[in-house]
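User: I'm new to this structure and would like to learn how to read it. Could you walk me through it?

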Amino acid sequence: MTEERETVVYVYGIVPSDVETDPEARGVGDPPAEVRAVKHDRIAALVSEVPRDKPLGRPEDLTAHAALLDAAAAEVPVLPLRFGAVVTDEDAVRTELLEANQDDFVAALDELEGKAQYVVKARYVEETILREILESDEQLAQLREAIRGKSEDATRNERIALGEGIGNAIAARREADTKRVADALAGIGAQIAPREPTHEEDAVHLACLVETAKQSDLEEAVDRVARDWSGRAEVRLLGPLAAYDFVVTQRPEA
C-alpha cells in the first residue's frame, strides 16, 4: 500500500521555463513556504509544498498568492491560477498540468509577452458628486429641500426616493466616466476589462492589459484624468499585476 504524502504541491501560475526564481521568495502557508519552479520543455509552474491537512484561505494566504504572481509579472509573462490550486506532487505538475496543456500555455504566454495588467480605480468625492447631481437634476434638488429639517419618520418615502435617485445618477455617471477612461486607454493600445464597482461611490474600476514598454504612456493618461477630476474623484493606478482579468487557467485537482 502506498503511504499518503503529508504534503501537496500548491501551484501559483505558469511562466516561461527560463524563469529564475528568487531564493528568498515565499508563498502561502504558515510558515510561508519556499517557492520554486517545476519545469517542462518551454514552460514552468511556480509552486511550493503545503501540508495536506491544513486548509488555506487566511487573508495572509490570499495576499501571498497575489504578491508572488504580481512580482513575477513585473519580470516575465505569467498565467495565474486561481487561489487554492493544488496537485499531488511535482510529477503530477509536470505531466498532468504542464505536459497536458503545453500548447495552450505556450500560446497564452506568447500573447502576454511584454505585457502586464494594471487596474485603474477612481472614487467620487461625496460632497462634489452630490452637488453635481443636485445641480443637474431639479426634481432631486426639490425633493432634498422638501425633506430638509423634517423627521425621518415623516419623510421616509421621500428619503427612499431621494436615495434611489442619487444612486441611479451615480450609476449613470459611473458608466459615462468608465467609458471615458476606457477610450483614453484604448488610445495607447490597452485591452480593457471592466470590473464591478466595490463601493457605491466608485467612479471607475477597470483592468487593462498594456505593453510594459508603454507604462509611462499609461501613467500619463491616468494622470490627465486625475487632473481633470481633481476635487471630483480620487484616481489610482495599480500595477504591474498578473493578468488575472485576461487569462486565468483552470484550477487543477489534487
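Analyst: We'll go through a sheet, some helices, a pocket and a cavity. Keep in mind that this is a predicted model.

User: Let's start with the sheet. In what order do the four strands of the open sheet come?

Analyst: The general idea is that strands of a sheet pair through backbone hydrogen bonds, either parallel or antiparallel. Here the four strands run in the order β7-β8-β6-β9, and the pairing is antiparallel. At the edges sit β7 (191-194) and β9 (233-241), each of which pairs on one side only. Ignoring direction, neighbouring strands in this sheet are turned against each other by 20 degrees on average.

User: How many bridges join β7 and β8?

Analyst: Four bridges, in the antiparallel sense, link β7 with β8 (residues 202-211). If you want a spot to look at, find Ile192, which stands opposite Cys208 in β8.

User: Which strands does helix α7 lie across?

Analyst: Helix α7 (residues 215-228) lies across β6 (115-124), β8 and β9. Against β9, α7 runs at about 165 degrees.

User: What about two helices together? At what angle do α4 and α6 cross?

Analyst: To read a helix pair, look at how close the axes come and at what angle they cross. For α4 (residues 126-136) and α6 (residues 156-186), the axes come within 10 Å and cross at roughly 100 degrees. An angle of 65 to 115 degrees counts as roughly perpendicular, so that is how α4 and α6 are placed relative to each other. On the α4 side, the contact is made by Ile129, Leu130, Glu132, Ile133 and Ser136, and on the α6 side by Ile166, Ala169, Ile170 and Arg173. By class, this contact of α4 with α6 has six nonpolar, one polar and two charged residues.

User: Now the empty spaces. How much space lies in the largest pocket, and which residues are closest to its centre?

Analyst: The largest pocket holds about 260 Å³ of space. It is lined by 13 residues, and the closest to its centre are Val19, Glu20, Thr21, Asp22 and Ala72. Helix α1 (residues 59-73) gives the most to this lining, with three residues. Eight residues of the pocket lining are nonpolar, one is polar and four are charged.

User: And how many cavities of 30 Å³ or more are there?

Analyst: A search of the whole structure finds one. About 40 Å³ of space lies in the largest cavity. Its lining includes Ala73, Val76, Pro77, Leu112, Lys115 and Leu241. The classes there are nine nonpolar, no polar and one charged.

Technical notes: Residues are numbered from 1 along each chain as its sequence is written. This is a predicted model: local features need pLDDT of at least 70, side-chain atom pairs count only at pLDDT 80 or more; totals for chains, interfaces and linings use all residues. Side-chain values use heavy atoms; hydrogens and water are left out. Axes are lines fitted to C-alpha atoms, for helices over the stretch in contact, and angles run from 0 to 180 degrees between N-to-C directions. Angles under 35 degrees count as roughly parallel, over 145 as roughly antiparallel, 65 to 115 as roughly perpendicular and the rest as oblique. Contact means heavy atoms within 4.5 Å. Ala, Val, Leu, Ile, Met, Phe, Trp, Tyr, Cys and Pro count as nonpolar, Asp, Glu, Lys and Arg as charged, and the others, Gly among them, as polar. Two strands pair if DSSP finds at least two bridges between them. On a 1 Å grid over the protein atoms alone, a cavity is a set of points where a 1.4 Å probe fits but cannot get out, and a pocket is an open set with protein on both sides within 12 Å along at least five of seven lines; lining residues have an atom within 4 Å of a point. Grid points are joined across faces, edges and corners, and a volume is the space filled by probe spheres set on the points.
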